[in-house]
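Me: Could you take a close look at one part of this model with me, starting from a single residue and working outwards? I would like a connected account rather than a list.

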Amino acid sequence: MASNLVRDGVDLAFQTNLLYLDIINSRVGIKTASPGAGLALDVNGSARVQSDLEVTGDLTVSGNTTLVNTTNMEVEDNMLLLNSTGSVGNDAGIMINRGSAGNNAAFYWDEDDDTFKLVVTTSDGSTVTEITDSAFANFKVNDLTANSFITDGITITDNSISTTRTNDDLVLN
């Protein structure tokens, strides 16, 4: 073991960079002989905590995928911001994986149509650019307030009803 232990001034290293103690700067490096400035602990590689972990400061996650595997998730913020980098041309929203029950469900902003949509979709959320609509989903509300209402060629705005369809009877009951 003594041959694996290296002392460089006041710093101490085990197997060169497996465990590196930077005594002067109060830093520990695991699998690195040069722990990053401003870091008390610098781990080069994957890490696992097998019990609770409490972070009392800010948590910054830098990567392409963040996986949260939990039964229930609570978020204190009143507002969730999607697409925080402002990438133009990408649909953004919330997708529900329905498993074997059928196509997924999504509520999202469609960049191509410049509108919100509630749909069932064959998309699985793995692409960040486009949602493929299979069909519009049913939507149930108690009261609906809108500036205008457009359905199948009929538009209702204020007290005006108009249609873009020809040869159809418009029946008001």
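Reply: Happy to. Let's begin with Asp42, which touches Val28, Gly29, Ile30, Thr32, Ser34, Pro35 and Gly36, leaving aside residues up to four places away in sequence. Please keep in mind that this is a predicted model. Asp42 itself sits in strand β5, residues 41-43.

What makes Asp42 worth a second look is its charge: the residue is buried yet has no salt bridge. The nearest side chain of opposite charge belongs to Arg27, and that is 7.4 Å away, whereas a salt bridge would need the side-chain nitrogen within 4 Å of a carboxyl oxygen. There is a polar atom to note, though: the backbone nitrogen of Gly36 lies 2.7 Å from a polar atom of the Asp42 side chain. Gly36 is also among the residues that Asp42 touches.

Several of these names lead us to the neighbouring hairpin. Strand β4 covers residues 27-30, and Val28, Gly29 and Ile30 are among the contacts of Asp42. Strand β4 runs antiparallel to β3 (residues 19-22), and four bridges join the two. Within that pairing, Leu19 stands opposite Ile30 of β4. Four residues lie between the strands of this hairpin, and Ser26 takes a positive phi there, near 55°.

The side chains of β3 alternate along the strand. Tyr20 and Asp22 point to one face and are buried, while Leu19 and Leu21 point to the other face and are not. So that you can read this strictly, "buried" here means under 20% relative accessible area; Asp42 falls in that class as well.

For a view beyond this region, turn to the open sheet made of four strands in the order β6-β7-β8-β9, with antiparallel pairing. Strands β6 (92-96) and β9 stand at its edges with a single partner strand each, so one side of each is left without a neighbour in the sheet. On average, neighbouring strands of this sheet are turned by 35° against each other, direction ignored. On the β6 side, the partner is β7 (residues 104-110), paired in the antiparallel sense over five bridges. One of the residues involved is Ala92, whose bridge partner in β7 is Trp109.

Past β9 (133-136), the loop leading to β10 (148-151) holds Phe139. Is Phe139 buried or exposed? Its relative accessibility is 62%, so Phe139 counts as exposed. From Ala101, Phe139 is 38 residues away in sequence and 18 Å away in space, C-alpha to C-alpha.

Definitions and conventions. Residues are numbered from 1 along each chain as its sequence is written. This is a predicted model: local features need pLDDT of at least 70, side-chain atom pairs count only at pLDDT 80 or more; totals for chains, interfaces and linings use all residues. Side-chain values use heavy atoms; hydrogens and water are left out. Buried means under 20% relative accessible area, exposed over 50%, partly exposed in between (1.4 Å probe, protein chains only). Lys and Arg count as positive and Asp and Glu as negative; His and the chain ends are not counted. A polar contact is a pair of N or O atoms within 3.5 Å; within protein, one must be able to donate a hydrogen and the other to accept it, and residues adjacent in sequence count only if both atoms are side-chain atoms. Contact means heavy atoms within 4.5 Å. Two strands pair if DSSP finds at least two bridges between them. Axes are lines fitted to C-alpha atoms, for helices over the stretch in contact, and angles run from 0 to 180 degrees between N-to-C directions.
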